[in-house]
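Colleague: Take me through one buried part of this model in some detail, please, and then go outward from there.

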Amino acid sequence: MKSADDYNGWRTSAEAAADRMRVESWRADPFSPVYDAALLGKHTEDLTRMREAGKAQKLIPLLQEALYRHLGELADPRLYAVTPLGTKHVVEEFYAEALACIAYLADPDETGLDPAFTLAGFRRAAHLFGRSALMLSGGATLGFSHLGVVKALLEHGLLPDVLSGASMGALVACGTGVRTDAELMALFANPRVIRTDAIKRLPSARAASERAVYDPARLEEVVVHNCGDYTFQEAYDHTGRTVSISVSPTRERQKPRVLSHYTTPNVLMTSAAVASAATPGAFPGATLRQRLPSGESVPYMGTETWVDGSLKGDLPMRRLSRLHNVNHFIVSQVNPHIAPVRRVTGRRGVVPLVSGAIVSSVRAQLVHQLGLARSLTQSTPLYGPVDVAHSLAEQPYGGDIDIHPRLRPSALLRAMSNISHKELEKHIREGERATWPLLARIRDQTCVSRALDAAILRLEV
């Protein structure tokens, strides 16, 4: 399964493993310590009976009660730890009936309810229920694995409309957010059109004066080639995808920002992506640019420069929650100082449990000590580096569902180098392989919010 070249090959191997482990008997058994099997089954039966009887007014509160009572339990990762092919049949039957009820209620001709009343109800339900986001971490060229995550989710109709990226993740989020589904499929059919040569050394004298090793002009040239020339608003109008990009300030009293079509609609996405990828020491800080109504491109907050978004907001969950009503986070994590640790501590068993406890303890102590150091170094040249170290230690690096593409030693050694298209294809494949085992869980935990959004689109026509 870990070496499959495509999804069909992976699934064939997964099915063979499931047969050997007699997984079907586990899936058919409705009982679990995670949820109340009898109550879940009763809710499914009640929903089916009410829907088939055409009692829409009574179905609405019953569906709301069933969803809010069980979704917390059904998000438990233990339900997907036995086999990556799915979970208990009673859980899948509940989700299937919930989707059937949503589809029924979204048809005013069938229910007899007022279309305006129905649309208002679905909008309210979608707002209360929340939505999912795909968050892409930093990680230099290791971040090309994010493309494989996007590809796998896209091919299975599971790519969220809300995307977030920091550093290298910002470049992938930007390239994804400016393309429709059809344009993304065309890109993945021929990934060799993607430029991977953003690293170009500066002459020694210029590198010394700018305190950076690599040429920002080459980085911008490659980003524009891969992502086009869109503002955040233009990209949203073109694709309907909401892209948020994290940038970190270079000035002490400035706050980190999350740029999107809500907060900075006229800012050029490529300028935000370049700023987010500007790792201090590798690239100089970047100035954001915006497009005026006249079409002219001018600096945005021209006195400020911005650097690597992962320093202050690798996964800006709190800000995405406020801006885009996101309450479910799918994280693709490839930071070399984070991903290997989370791959171990995220598993089940005694060793991951002990490892997780040790990591949590060390991290708590590190955050505390760096917090003290930050207080003591205020108004000194050491404050900046200590503040960055504190932010890196304190911020979250995981979500509700974490995807960890495999980081091969050869890729780690070339994390700050231009890679070939052959290496790019390997990165994409690793991203896919890491995503395939999580597709069933992602499908189930996002199906209701996706169905609510589809119902709203249908009713708005």
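Modeller: Let's start with α12, whose buried residues pack against α9 (168-177) and α14 (269-276). Contact here means heavy atoms within 4.5 Å, and buried means under 20% relative accessible area, with exposed over 50% and partly exposed in between (1.4 Å probe, protein chains only). Helices (H or I, at least four residues) and strands (E, at least two) are DSSP runs, numbered from the N terminus.

Before going on: this is a predicted model, so local features need pLDDT of at least 70 and side-chain atom pairs count only at pLDDT 80 or more, while totals for chains, interfaces and linings use all residues. Residues are numbered from 1 along each chain as its sequence is written, and side-chain values use heavy atoms, with hydrogens and water left out.

Back to α12 (residues 216-227): at 1.5 Å a residue, its 12 residues should span 16 Å, and the end C-alpha atoms are indeed 16 Å apart. That expected span is 1.5 Å times one less than the number of residues. Buried in α12 are R218, L219, V222, V223, N226 and C227. They take up an arc of only 145° around the axis, which puts them on the same side of α12; the arc is that of the directions from the helix axis to the C-beta atoms.

Now for the partner α9. Here 10 of the 10 residues are buried, so α9 is largely enclosed by the rest of the structure. Among them are M168, L171, V172, C174 and T176. S167 sits in the loop between β2 (162-166) and α9, and is buried too, at a relative accessible area of 5%. Not counting residues up to four places away in sequence, S167 touches G138, S276, A277, T279, D308, G309 and S310.

Elsewhere, A66 belongs to helix α4 (residues 56-74) and counts as buried at 0% relative accessibility. Leaving aside neighbours within four places in sequence, A66 is in contact with H43, L47 and F94.

One more helix pair: α5 (residues 89-105) and α22 (residues 439-460) pack at about 5°, with axes 10 Å apart. That makes α5 roughly parallel to α22, a label for angles under 35 degrees (over 145 is roughly antiparallel, 65 to 115 roughly perpendicular, the rest oblique). Axes are lines fitted to C-alpha atoms, for helices over the stretch in contact, and angles run from 0 to 180 degrees between N-to-C directions. On the α5 side, the residues that meet α22 include Y95, L99 and I102.
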